[in-house]
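Here is a short report for a first look at one protein model. Please keep the sequence and the 3D view at hand while reading.

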Amino acid sequence: QVQLVESGGGLVQAGGSLRLSCAASGGTFRTYVMGWFRQAPGKEREFVSAIHWLGGGGRTEYADSVKGRFTISRDNAKNTVYLQMNSLKHEDTAVYYCAADNTIRMTVHPPAYDYWGQGTQVTVSS
């Protein structure tokens, strides 16, 4: 019931910044957690960050690999979640996906999320 569309990806030099956006539509009234995942070629999809959408006081979680560099935020009125990415590294290169979870408990496991966007490519050059 939820549709997600990511935007903001692109090519950036190492040390640069990008801001990703995820616009949600449809049944967001049943969404409790919004998350960001990424998948590099030949690798499994991995957790990046998550935020409580309904309730939870906007609690956030981050993967250790991005902690201190990435910031997740929300604007419920605009049905949008953001991922500010600073100090980008070559290892951050991946397709980034937005996901929505209908359960209140945060999780880093992709199968727990109910809806997914199509992804946006982020490429960080060396």
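## The disulfide

The link of C22 and C98 is left-handed, with -85° about the S-S bond. Their sulfur atoms lie 2.1 Å apart and form a disulfide, a term used here for a pair of cysteine sulfur atoms within 2.5 Å. A disulfide is a covalent bond between the sulfur atoms of two cysteines. The whole structure holds 1 disulfide.

This pair links distant parts of the chain. C22 sits in strand 3 and C98 in strand 9, 76 residues apart. Strands (E, at least two residues) are DSSP runs, numbered from the N terminus. Both C22 and C98 are buried. Buried means under 20% relative accessible area, exposed means over 50%, and partly exposed lies in between (1.4 Å probe, protein chains only).

## How to read the values

This is a predicted model: local features need pLDDT of at least 70, side-chain atom pairs count only at pLDDT 80 or more, and totals for chains, interfaces and linings use all residues. Residues are numbered from 1 along each chain as its sequence is written, and side-chain values use heavy atoms, with hydrogens and water left out.

## The nonpolar core

The largest nonpolar core has 34 residues. Such a core is a set of buried Ala, Val, Leu, Ile, Met, Phe, Trp, Tyr and Cys residues joined through side-chain atoms within 4.5 Å. Which members touch the most others? They are M34, W36, V81, L83, M85 and Y96. Several strands give two or more residues to this core, among them strand 1 (2-7), strand 3 (18-26), strand 4 (33-39) and strand 5 (46-52). Strand 7 (70-75), strand 8 (80-85), strand 9 (94-101) and strand 11 (120-125) do so too. Strand 9 supplies the largest share, 5 residues.

L83 shows how the chain comes together here. Leave aside its neighbours within four places in sequence. L83 is then in contact (heavy atoms within 4.5 Å) with L18, R19, L20, W36, V48, S49, F70, T71, I72 and Y96.

## A hairpin

Strand 7 and strand 8 pair in the antiparallel sense over 6 bridges. Two strands pair if DSSP finds at least two bridges between them. One partnership joins D75 to T80 in strand 8. The two strands, 7 and 8, form a hairpin with 4 residues between them. In the turn, N79 has a positive phi of about 50°.

## Salt bridges

Side chains of opposite charge can pair when their charged atoms come close. The count here is 4 salt bridges, each a side-chain nitrogen of Lys or Arg within 4 Å of a carboxyl oxygen of Asp or Glu. R38 takes part in a salt bridge with E46, at 2.7 Å from N to O. R38 has 5% relative accessibility, so it counts as buried. E46 is partly exposed, at 37% relative accessible area.

R38 also meets D92 in a salt bridge, at 2.9 Å from N to O. That pair links distant parts of the chain, 54 residues apart: R38 is in strand 4, and D92 is in the loop between strand 8 and strand 9. Both R38 and D92 are buried. Elsewhere in the list, E61 forms a salt bridge with R59, their closest N and O atoms being 2.7 Å apart. E61 is partly exposed, with a relative accessible area of 29%. R59 is partly exposed as well, at 44% relative accessibility. Salt bridges that share partners join R38, E46, R69 and D92 into one network.

## Aromatic pairs

A pair of aromatic rings is described by the distance of the centres and the angle of the planes. Rings of Phe, Tyr and Trp (its six-membered ring) pair if their centres lie within 6.5 Å; planes under 30 degrees apart count as stacked, over 60 as edge-to-face and the rest as tilted. There are 4 aromatic pairs by this rule. One of them, F37 with Y113, is edge-to-face: 5.0 Å centre to centre and 80° between the planes.

F37 lies in strand 4, while Y113 lies in the loop between strand 9 and strand 10 (115-116), 76 residues apart. F37 is buried, at 0% relative accessibility. Y113 is buried too, at 4%. Ring pairs link F37, F47, Y113 and W116 into a cluster.
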